[in-house]
Amino acid sequence: MEIHEGGIMSMVGNTPLLQLRKAVAEKPRVFAKLEGFNPGGSTKDRPALEIIRHGIKQGKIDEDTTIVESSSGNMGIALAQFCRVLGLRFICVIDSRATTQNVQLLKTYGAEVELVTEPDRLSGELLQARINRARQIAESIPKSFLVNQYANIYNAIAHHRTMKEIVDQLDGKVDYLFCAASSCGTLRGCADYLAQNNITGTKIYAVDAVGSVIFGGKKGKRLIPGHGSGITPPLYQEGLAHHHIAVSDFDCVAGCRLLLDKEGLLVGGSSGAAFMGLAQTRHEISPSATCVILFPDRGDRYLDTIFCDEWVAAQFGSQESEKLKAGWATEKTQHFRRAV
Ligand SMILES: Cc1ncc(COP(=O)(O)O)c(C=O)c1O
């Protein structure tokens, strides 16, 4: 089995880098790496392709293989798209938090969707229950391939190229990379690329969600999918990030809406969070620095949540919602725009 170069898979990567000029002040320079320009609409096209490509090369995937993965969002959609073009069966294990739109997308691409509703008994985590169910399904199918994004090193290896693209796009002048973390594939891949190439001048700031446990935070309710995790992923290693920042769900929404308002950029929750991560650490950044923020996906998958006033009012209260609507007059974003 071969991947024919030139098809949809050749469109993965080489995503644009856009300088943010209106959402931030002139200095430091802030660029956004727009991963939503990948064909499946997110940065997860990179690991999905790398893992499938490597599976084929190793003889672990051929025409009769069933691909199995646990994902309620972008990874599932990325895999569904490539399985469709390769003619592979794909079973995607989702949980009850998956949005209707993502489930529809998965099904439209041809994935078989299996729903998990009960959290894992030991950890109390829906994510762990999904991972367990995916493993069970893979074990029950003789020719199956379990993607296992949380532990698969090819998830991280795919992002060597993400970091290389950024370094090349800025002729090596990257002082800060702001990177949202969940499976930690992006974080690990970017950090490994810098280490392997002796690039010591770039600091990585990992952006996590309040309520996520990746960096040892206290487990709590999280509303926005994408960044953060209820388990510490095996791909995570101590020291990958120079610094980590936890961003609240409200700040994440405020960041997304500010980016839409000022830049006309409709981006997903983790992009808004990463942007606000920069806001939270602005005092550490010199005006002469060049910062890059990874924007993992587009905002179209969040129209019923982040960009829906009723949802925002229901989650955060009508006062907060009004603040957002009234020209982004939240203290935090105003302060950020003055300060950066
Ligand atoms: C929208 C979004 N942002 C951020 C991430 C985090 O990336 P990683 O899993 O590489 O840590 C993901 C991962 O699924 C994502 O879908």
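Let me begin at the ligand, where a polar side-chain atom of Ser183 lies 2.6 Å from an oxygen atom of the ligand, a polar contact being a pair of N or O atoms within 3.5 Å, where within protein one must be able to donate a hydrogen and the other to accept it, and residues adjacent in sequence count only if both atoms are side-chain atoms. Please keep in mind that this is a predicted model, in which local features need pLDDT of at least 70 and side-chain atom pairs count only at pLDDT 80 or more, while totals for chains, interfaces and linings use all residues. Residues are numbered from 1 along each chain as its sequence is written, and side-chain values use heavy atoms, with hydrogens and water left out.

Asn74 also places a polar side-chain atom 2.9 Å from an oxygen atom of the ligand, whereas Gly185 comes to 3.4 Å from a ligand oxygen with a backbone N or O atom. Taken alone, the ligand exposes 380 Å², and the protein buries 94% of that, the areas coming from the Shrake-Rupley method with a 1.4 Å probe. There are 14 residues around the ligand, and those that come nearest are Ser182, Ser183, Cys184, Thr186 and Ser270; near means that a heavy atom of the residue lies within 4 Å.

Now to the sheets, where strands (DSSP runs of E, at least two residues) and helices (H or I, at least four) are numbered from the N terminus, and two strands pair if DSSP finds at least two bridges between them. One open sheet has four strands in the order E5-E4-E3-E6, with parallel pairing. Strand E5 (112-116) and strand E6 (144-146) each have a single partner strand, so one side of each is left without a neighbour in the sheet. Strand E4, residues 89-95, pairs with E5 over five bridges, and Cys92 stands opposite Val113 in E5. Helix H3 (residues 100-109) lies across E4 and E5, running at about 170 degrees to E4; contact here means heavy atoms within 4.5 Å, and angles, which run from 0 to 180 degrees, are taken between N-to-C directions of axes fitted to C-alpha atoms.

The other open sheet I want to show has six strands in the order E1-E2-E10-E7-E8-E9, and its pairing is mixed. Within that sheet, strand E2 (residues 29-34) and strand E10 (residues 290-295) pair in the parallel sense over six bridges, with Arg29 opposite Thr290 in E10. Finally, helix H8, residues 269-280, lies across E2, E7, E8, E9 and E10, running at about 115 degrees to E9.
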